[in-house]
Each structure stands twice: as structure tokens, then as C-alpha cells.
Amino acid sequence: MDKESALEAFAALSQSTRLDVFRLLIKAGEAGMSAGDIGTTLGVRQNTMSANLSILARSGLIRNEREGRSIRYFADMNGVRGLLAFLMKDCCAGRPELCQPVIDAIACPQP
């Protein structure tokens, strides 16, 4: 990810509803959620939700798939990985052990 893409991702996440949507889709995992379910869960009107989903999709942080007449949304883990890699690129002056606590904190716990 380059600087401009990172800035677009941060801009997308800088609004409360979009941040809530992104976190909700991260929690939903591979199942994703329909736009209607996202709006209902967050208490956001359909037209407002549509605009926010479009901004997040353009930022590369979420993706969508059409399912008949509805659209299902997912966190785009490639976009998330790209943003995190951009942030951590030159981490800790070449001493990866200093970055390990950050990596451990964001990694999913092993069962």
C-alpha cells in the first residue's frame, strides 16, 4: 500500500459510522453481512448506509458480493493487511522483536 491509499483508508475510517461498519465486518468474518443487516444492527438509514459502504469499498477496506437482489459486505483482509503493513513497514529500526508485542496484540488468539 502506498501513502495515498493509506490516507484514503484513514479518511474512510475517520467517520464514526464507517468505523463502526468496518469493525462490525471484521467481527462478522467470512460470513460477512448484508447491507440491510448492517444498517439494522447500527441503526442507520439505508441511503446513509449505502453512501458509507461505498466510501469504505473505494478505500479498499471492504468488498462486496452480489447475492441475487442483495449485496453482502465483507472486510477486505488484503486491504487491512496492506494498511497494517504500511504502518509497520520500517518498524523498530530493524529490530523485529520490538514490534512483536504489537503483532501479538492484533493477531487472533489461537484456540
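Begin by selecting strand β1 (residues 33-34) together with strand β3 (residues 70-75): the two strands run antiparallel and are joined by two bridges. The model on display is a predicted one, and the tour returns to its confidence values at the end.

**The β1-β3 pairing**

Show the residues of β1 and look across to β3. Met33 stands opposite Tyr73 in β3. Ser34, in turn, faces Arg72 of β3.

**The β2-β3 hairpin**

Next, add strand β2 (residues 62-67) to the selection. β2 pairs with β3 in the antiparallel sense, over six bridges. One position to label is Glu67, whose bridge partner in β3 is Ser70. Two residues lie between the strands of this hairpin, and Gly68 takes a positive phi near 65° in the hairpin.

**The sheet as a whole**

Keep the three strands selected and view them together. They form an open sheet with antiparallel pairing, in the order β1-β3-β2. β1 and β2 are the edge strands, each pairing on one side only.

**Arg66, on an edge strand**

Which strand holds Arg66? Arg66 lies in β2. Is its side chain to be described as buried or exposed? Arg66 has a relative accessible area of 58%, and because exposed means over 50%, Arg66 is classed as exposed. For a distance check, select Lys27 as well: Arg66 and Lys27 are 39 residues apart in sequence, and their C-alpha atoms are 20 Å apart in space.

**The α1-α5 crossing**

Leave the sheet and select helix α1 (residues 3-13) and helix α5 (residues 77-88). Their axes come within 10 Å and cross at roughly 115°. The crossing of α1 and α5 is left-handed. To display the contact itself, show Lys3, Ala6, Ala9 and Phe10 on α1, and Leu83, Phe86 and Leu87 on α5. Of the residues in this contact, six are nonpolar, one is charged and none is polar.

**Confidence across the model**

Finally, colour the structure by pLDDT. The mean value for the protein is 92, and 98% of the residues reach 70 or more. Where among the elements is the lowest mean pLDDT, and where the highest? Select helix α6 (residues 96-106) for the lowest, with a mean of 82, and helix α2 (residues 16-28) for the highest, with a mean of 97.

Methods: Residues are numbered from 1 along each chain as its sequence is written. This is a predicted model: local features need pLDDT of at least 70, side-chain atom pairs count only at pLDDT 80 or more; totals for chains, interfaces and linings use all residues. Side-chain values use heavy atoms; hydrogens and water are left out. Axes are lines fitted to C-alpha atoms, for helices over the stretch in contact, and angles run from 0 to 180 degrees between N-to-C directions. Helices (H or I, at least four residues) and strands (E, at least two) are DSSP runs, numbered from the N terminus. A crossing is left-handed if the near helix is turned anticlockwise from the far one by less than a right angle, and right-handed if clockwise. Contact means heavy atoms within 4.5 Å. Ala, Val, Leu, Ile, Met, Phe, Trp, Tyr, Cys and Pro count as nonpolar, Asp, Glu, Lys and Arg as charged, and the others, Gly among them, as polar. Two strands pair if DSSP finds at least two bridges between them. pLDDT is the predictor's confidence in each residue, from 0 to 100. Buried means under 20% relative accessible area, exposed over 50%, partly exposed in between (1.4 Å probe, protein chains only).
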